[in-house]
Amino acid sequence: MDIRMRFFLLASFSIFIIACGSLDKQALQVNNGDNKERVTTLMGSPDDRQFKGDNEAWQYCQTGAGFGYHDYRVIWFFKGKVTGINSYKSSRPASSCVTDIRQINWEDAPDVTLEVRER
C-alpha cells in the first residue's frame with residue numbers, strides 16, 4: 001500500500017471518528033435558559049420542529065453516529081428558552097435519519113415551574 005493510500009485511509013477514518021461525536025459535543029454546549037438563536041448557532045437548524053402552546057421541541061439527527069444506528073437529540077423550549085435535552089437512538093435497518101424522527105410525546109417535556117412575584 002503506497003503512502004497516498006495510507007494517508008487517504010487515515011484521513012477518512014479520522015473524519016468518521018470526529019463526526020461520530022459531533023452531535024454530543026454540540027449538545028453539551030446548550031444550557032438551560034438559552035434562547036433559540038443560541039441553539040441555532042450551536043446546533044444549526046433542527047431536522048424537525050414541533051410545538052404545542054408555549055412548548056416547543058426541536059429534534060436533531062446524526063446519521064451513522066455509531067455502528068448501525070442514528071443518534072437523536074430533542075431540545076425542549078418553553079416560551080423560547082431551553083428547558084432540557086433528551087436523546088434517543090434508532091437502529092431500524094434501511095432507514096434514514098429523518099424518517100425515524102419520533103413524534104413528540106409532550107408528557108416527556110421537562111417540568112416548568114412558573115415563578116409568580118408580587119410587586
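This briefing walks through the fold, the strand pairing, the largest pocket and a few individual residues of one chain.

The model is predicted, so local features need pLDDT of at least 70 and side-chain atom pairs count only at pLDDT 80 or more, while totals for chains, interfaces and linings use all residues. Residues are numbered from 1 along each chain as its sequence is written, and side-chain values use heavy atoms, with hydrogens and water left out. The chain holds three helices and four strands, where helices (H or I, at least four residues) and strands (E, at least two) are DSSP runs numbered from the N terminus. Strand β3 makes a good guide to the fold: nine of its nine residues (70-78) are buried, so the rest of the structure largely encloses this strand.

**Overall layout**

- Along the sequence, the order of elements is α-α-α-β-β-β-β.
- Of the 119 residues, 33% count as buried; buried means under 20% relative accessible area, exposed means over 50%, and partly exposed lies in between (1.4 Å probe, protein chains only).
- Among contacts with a separation of 6 or more, 44% involve residues 24 or more positions apart, a contact being heavy atoms within 4.5 Å.
- The chain exposes about 8400 Å², and carbon and sulfur atoms supply 55% of that area; accessible areas come from the Shrake-Rupley method with a 1.4 Å probe, and for residues only the protein chains shown count as cover.

**Strand β3 and its partners**

- In a regular strand the side chains alternate between the two faces of the sheet.
- In β3 both faces are covered, with His70, Tyr72, Val74, Trp76 and Phe78 buried on one side and Asp71, Arg73, Ile75 and Phe77 buried on the other.
- Strand β2 (residues 55-62) runs antiparallel to β3 and is joined to it by eight bridges; two strands pair if DSSP finds at least two bridges between them.
- Two of the matched positions are Glu56 with Phe77 of β3 and Tyr60 with Arg73 of β3.
- On β2 itself, seven of the eight residues are buried, so this strand too is largely enclosed by the rest of the structure.
- Strand β4 (residues 81-90) pairs with β3 in the antiparallel sense over nine bridges, and Val74 stands opposite Asn86 of β4.

**The hairpins**

- Strand β1 (residues 48-52) is antiparallel to β2, with five bridges between them, and Phe51 faces Glu56 in β2.
- Two residues separate β1 from β2 in their hairpin, and Gly53 in the turn has a positive phi of about 60°.
- The hairpin of β3 and β4 also has two residues between its strands, and here Lys79 takes a positive phi near 50°.
- Most residues other than glycine have a negative phi.
- Lys79, which is not a glycine, has a positive phi of about 50° all the same.
- Lys79 sits in the loop between β3 and β4 and counts as exposed because its relative accessibility is 54%.

**The largest pocket**

- The volume of the largest pocket is about 160 Å³; grid points are joined across faces, edges and corners, and a volume is the space filled by probe spheres set on the points.
- A pocket here is an open set of points on a 1 Å grid over the protein atoms alone, where a 1.4 Å probe fits, with protein on both sides within 12 Å along at least five of seven lines; lining residues have an atom within 4 Å of a point.
- Its lining includes Gln59, Val74, Trp76, Asn86, Ser87, Tyr88, Arg102 and Asp108.
- Strands β3 and β4 each supply at least two lining residues, and β4 gives the most, with three.
- By class, the lining has four nonpolar, five polar and two charged residues; Ala, Val, Leu, Ile, Met, Phe, Trp, Tyr, Cys and Pro count as nonpolar, Asp, Glu, Lys and Arg as charged, and the others, Gly among them, as polar.

**Two buried charged residues**

- Arg73, in strand β3, counts as buried because its relative accessibility is 8%.
- Leaving aside neighbours within four places in sequence, Arg73 is in contact with residues including Leu23, Asp24, Ala27, Trp58 and Ile85.
- Asp100 lies in the segment after β4 and counts as buried at 11% relative accessibility.
- With neighbours within four places in sequence set aside, Asp100 is in contact with His70, Tyr72, Tyr88, Ser90, Arg92 and Ser95.
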